[in-house]
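Student: Could we walk through this structure together? I'd like to learn how to read it one residue at a time.

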Amino acid sequence: MSFIRTVLGDIPPAQAGITYAHEHIVIEESFPTLANPDFRLNNVDKIAAELTEVYQAGGRTMVDTMPANCGRNVLKLAEVSRRSGIQIVVPTGIHLEQYYPASHWRYQYSEDQLTRLFIADVEEGIDRYDYNGPLVDRTGHKAGMIKLATGDDPITAHQALIFRAVVNTHRATGVPILTHTNAGLHALAQAERFAELGADLRHVVISHVDRHKDIGYHRAVLQTGVRVEFDSAFRWKAGEPNWTYTLLETLLPNFPDQITAGMDAARNTYWRSYGGAPGLTYLMTTFRDELTRRGLESYWHRLMVDNPTALYTFCQPH
């Protein structure tokens, strides 16, 4: 039976509804927040209030993307899901190197050790301490997605090991894969590597690619069969072209089933409940209104419901 795995349990895909495909819902005090205090998103009351507004606007599911040991707090994610009604997909996996100290265990573990850790997050439950101490106390809350990241430089040997562990986990459990790119850089290399390793590209999504302004590059990425996620519509500055909408106008007619959307609102300055803007209802209001203005309203359901639902549904293990 097909399912999407949320922090509060598995749901049938038909229950997903309007889905934000890449978010940061909780970022606990952690190594990343030391250098970036505005990454701190750990006030359950404020987070639940903002997600309740999204729910009232019609949103139903959000994918959190802070993976193992860099600010993940599965107990808070479960709490804000209960309070708001938003179904939350929780990640395992590993983020960019800059979000971990140089002595971190990610650099010490073998491919097999990382694979076993990720599989345990998916099948047994996420550690309540998020691997911050010598004890592991697995909760009943399981990961429904696995993440990896590449930066500006070409894929390194260490990142190649992460790729292998992520695909091992994907093939063993059917868990979908999400990746970080720096503004779409190396998206094609990521897609090609996933294909070589035997991942099901229908259940792989490459994030942040709408910051890349080369339409030919986007076509090449999409022609591999992978899915992509756009989240920069609100980031383009006033007076400059909004490439997110330009890309949607250009690519949706030819690749209507491969594009998803989110906000990647990882800074509390983007949240209304923290006194910031534009707020997480942006996709339900400004973004949707602009799609309608540009004659793209007919793609809304695919972009926000059909495509993320198909993506985040577990596939058959290999």
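Tutor: Sure! One definition to start: helices and strands here are DSSP runs, numbered from the N terminus. Keep in mind that this is a predicted model.

Student: Got it. Where is the place of Thr65?

Tutor: Look for strand S4, residues 59-64, and then for helix H3, residues 74-84. Thr65 belongs to neither, as its place is in the loop between S4 and H3.

Student: Does Thr65 count as buried or exposed?

Tutor: Buried means under 20% relative accessible area. Thr65 has 0% relative accessibility, so Thr65 counts as buried.

Student: Which residue has its backbone oxygen 2.8 Å from a polar atom of the side chain of Thr65?

Tutor: Let's start with what Thr65 touches, skipping residues up to four places away in sequence: the list includes His22, His24, Pro91 and Lys147. Glu23 is on that list too. The backbone oxygen that lies 2.8 Å from a polar atom of the Thr65 side chain is that of Glu23.

Student: Which residues does the UniProt annotation "binding site" cover?

Tutor: That label comes from an unreviewed UniProt entry, and it covers Lys147, His180 and His208. They span 62 residues in sequence, yet no two of their C-alpha atoms are more than 13.5 Å apart, so they gather at one spot. Of these residues, the lining of the largest pocket includes His180 and His208. The full annotated set, then, is Lys147, His180 and His208.

Student: Which strand is Lys147 found in, and is Lys147 buried or exposed?

Tutor: Residues 145-149 form strand S7, and Lys147 is found there. Leaving aside neighbours within four places in sequence, its contacts include Thr65, Pro67, His95 and His180. Its relative accessibility is 1%, so Lys147 in strand S7 counts as buried.

Student: What about His180: is it buried or exposed?

Tutor: His180 lies in strand S8, residues 177-180. Not counting residues up to four places away in sequence, it touches Lys147 and His208, among others. With 10% relative accessibility, His180 counts as buried.

Student: How many disulfides does the count come to?

Tutor: The rule asks for a pair of cysteine sulfur atoms within 2.5 Å. Among the cysteines, Cys70 is buried with a relative accessible area of 0%, and Cys315 is buried with 10%. Burial isn't what the rule checks, though; it goes by the sulfur atoms. By this rule, the count of disulfides comes to zero.

Terms used. Residues are numbered from 1 along each chain as its sequence is written. This is a predicted model: local features need pLDDT of at least 70, side-chain atom pairs count only at pLDDT 80 or more; totals for chains, interfaces and linings use all residues. Side-chain values use heavy atoms; hydrogens and water are left out. Helices (H or I, at least four residues) and strands (E, at least two) are DSSP runs, numbered from the N terminus. Buried means under 20% relative accessible area, exposed over 50%, partly exposed in between (1.4 Å probe, protein chains only). A polar contact is a pair of N or O atoms within 3.5 Å; within protein, one must be able to donate a hydrogen and the other to accept it, and residues adjacent in sequence count only if both atoms are side-chain atoms. Contact means heavy atoms within 4.5 Å. UniProt positions are given in the numbering used here, feature names are shortened, and annotations may be inferred rather than shown by experiment. On a 1 Å grid over the protein atoms alone, a cavity is a set of points where a 1.4 Å probe fits but cannot get out, and a pocket is an open set with protein on both sides within 12 Å along at least five of seven lines; lining residues have an atom within 4 Å of a point.
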